[in-house]
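Student: Could you take me through one part of this structure up close? I would love to see how its pieces pack together.

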Amino acid sequence: MLAVDTYVPGKSGKPGGGKVYKLSSNETPLGPSPAAVAALHEATGKLETYPDGRATALRTAIAKRFGLDPERIVCGAGSDELLSLLAYAYCGPGAEGIYSEHGFLVYRIAILASGGTPVVAPERDLTTDVDAILARVTERTRIVYVTNPNNPTGTYLPFDEIRRLHAALPPHVLLVIDGAYAEYVRANDYTAGLELALEAENVVMTRTFSKIYGLAAVRIGWMLAPAHVADAVNRIRGPFNVSGPAIAAGAAAIADEAHMAAAAAHNAEWLPKLIDGARALGLDVTPSVANFVLIHFPETPGRTAGDADTFLTERGLITRRVTAYGLPNALRVTVADAEANTAFLAALGEFVRGARG
C-alpha cells in the first residue's frame with residue numbers, strides 16, 4: 001500500500017484568512033437544488049435508523065430521469081467508491097488496469113489498492129488517445145478507465161471514438177466510462193456512455209452528484225452496468241454505503257431539472273469568457289467542455305504556474321496545481337460565480353502584466 005500516493009484535494013483557503021474565492025475543486029457556484037436541501041433536512045430527523053441498503057428511492061429516481069432499469073443501477077459514496085469497487089471486482093494481483101496519462105488520480109489508486117498493475121496510455125494534445133490505449137491491452141488487462149470529459153484537461157472523446165475503443169477491446173476487459181462532468185458538455189458529438197452501457201456486457205458508465213448537482217459534501221455517485229457487473233459490485237460494497245440523507249437529497253436533486261439547467265447555462269456563459277480572457281493575456285488554454293479550464297504558464301522564473309498560484313492565493317483566489325497529474329506548468333481553474341470569475345481574470349491580468357514588466 002506504500003506504493004499508493006495519497007490523493008490530495010484542492011486547497012480551500014489562504015494563510016491569514018480573509019475573503020476567499022475557491023476555484024480549486026470544480027464545485028458548482030449555484031449550490032444544490034433547494035428541493036435537495038429540503039429533503040436532506042427532513043431526512044436528518046431519522047438519524048437513528050439505518051438507511052435503505054439498496055438506496056431504492058435514489059435508484060428509482062435516477063431510473064425515472066433516464067428511462068432505465070433500476071436493477072442495473074448501483075449507488076455509492078461518490079463515484080470514487082464505485083470506481084474503486086470495480087477495480088476490486090475485476091482487477092487484482094496479476095491483472096492490469098489502463099488509464100490515460102492525465103486521467104483522474106483515483107484510477108491509479110484503485111488499481112494499486114486492488115493488487116493490480118497500473119498501465120498509463122500517453123495522450124495526444126492532452127486528449128485521451130484510443131490507439132495508445134489499445135496498444136497497451138494485453139492478456140492481463142482487465143479494466144480500462146476513460147474519463148469523458150477528462151479531468152484535469154477538460155478535453156473529450158467524441159462518442160464514435162468511445163465506440164471504436166469498445167469494439168477493439170477483448171470481451172473480458174471492462175470499459176469504465178467516467179462521466180462526472182457529462183452534464184456540462186454541449187458538443188453535438190458527445191454522449192456520456194449510457195447507450196453503450198445498456199447494450200454491451202462489458203461497459204459501465206459512472207456519474208456523480210458532486211458537480212452540477214452541488215451535493216459534493218454528502219457523497220453520492222451512481223453507475224449503470226450490465227446485470228452481472230451490478231451483481232458483482234453489490235456483493236462487495238458496504239451494506240449501507242450511501243447515507244439516508246444522501247439518498248433523500250440525491251433523489252430530490254435529480255428530479256429538479258430546472259436547477260440543473262440553470263447550472264449548465266451559467267457554465268455555458270462563463271466557460272468561454274474564462275478561456276478567452278486567459279488567451280487574451282497571451283496564455284495557452286486547453287479547450288474545455290467541462291466546468292473548469294486548464295491554463296498553461298511558461299517556465300520562465302517569475303512567470304511560472306507556481307508563481308501564479310502564489311500570487312493568486314495571496315489575493316484569495318484558490319486555484320488547483322496539477323503537478324500530480326504530470327502538468328507542473330498549468331493551473332486548473334473552476335468556473336465560479338460572476339464575482340469570482342471577474343476577480344480571477346483581473347488578478348490573472350495583474351500577474352501577467354507584472355511578470356512581463
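Tutor: Let's begin with helix H3 and helix H8, which are roughly perpendicular to each other. In this predicted model, H3 covers residues 78-90 and H8 covers residues 227-236, and the two pack at an angle of about 100°. Any angle from 65 to 115 degrees counts as roughly perpendicular, so the pair earns that description. Their axes are 9 Å apart.

Now look at the side of each helix that faces its partner. From H3 come Leu85, Leu86, Tyr88, Ala89 and Tyr90. From H8, they are met by His228, Val229, Ala232, Val233 and Ile236. Sorted by class, this contact has nine nonpolar residues, one polar residue and no charged ones.

A second pair of helices makes a nice companion to this one. Helix H2 (residues 56-66) and helix H9 (residues 244-255) have axes that come within 8 Å and cross at roughly 15°. That angle makes H2 roughly parallel to H9. Their crossing is left-handed. On the H2 side you will find Ala57, Leu58, Ala61, Ile62, Arg65 and Phe66, and these meet Ile247, Gly250, Ala251 and Ile254 in H9. By class, the contact of H2 with H9 has eight nonpolar residues, one polar and one charged.

Next, turn to the strands. Seven of them form an open sheet with mixed pairing, in the order S2-S8-S7-S6-S5-S3-S4. At the edges are strand S2 (73-76) and strand S4 (117-121), each of which pairs on one side only. From one strand to the next, the twist averages 20°.

Zoom in on one pairing within that sheet. Strand S3 (residues 96-100) and strand S5 (residues 141-147) run parallel and are joined by three bridges. Here Ile98 stands opposite Val144 in S5. Helix H6 (residues 159-168) packs on the sheet, where it touches S5, strand S6 (174-178) and strand S7 (203-208). The direction of H6 makes about 160° with that of S6.

Finally, here is a wider frame for these pieces. UniProt, in an unreviewed entry, lists residues 19-343 as "domain: Aminotransferase class I/classII large". Over residues 19-343 the chain is 39% helix and 18% strand. The C-alpha atoms at the two ends of that stretch are 12 Å apart.

Definitions and conventions:
Residues are numbered from 1 along each chain as its sequence is written. This is a predicted model: local features need pLDDT of at least 70, side-chain atom pairs count only at pLDDT 80 or more; totals for chains, interfaces and linings use all residues. Side-chain values use heavy atoms; hydrogens and water are left out. Axes are lines fitted to C-alpha atoms, for helices over the stretch in contact, and angles run from 0 to 180 degrees between N-to-C directions. Helices (H or I, at least four residues) and strands (E, at least two) are DSSP runs, numbered from the N terminus. Angles under 35 degrees count as roughly parallel, over 145 as roughly antiparallel, 65 to 115 as roughly perpendicular and the rest as oblique. A crossing is left-handed if the near helix is turned anticlockwise from the far one by less than a right angle, and right-handed if clockwise. Contact means heavy atoms within 4.5 Å. Ala, Val, Leu, Ile, Met, Phe, Trp, Tyr, Cys and Pro count as nonpolar, Asp, Glu, Lys and Arg as charged, and the others, Gly among them, as polar. UniProt positions are given in the numbering used here, feature names are shortened, and annotations may be inferred rather than shown by experiment. Two strands pair if DSSP finds at least two bridges between them.
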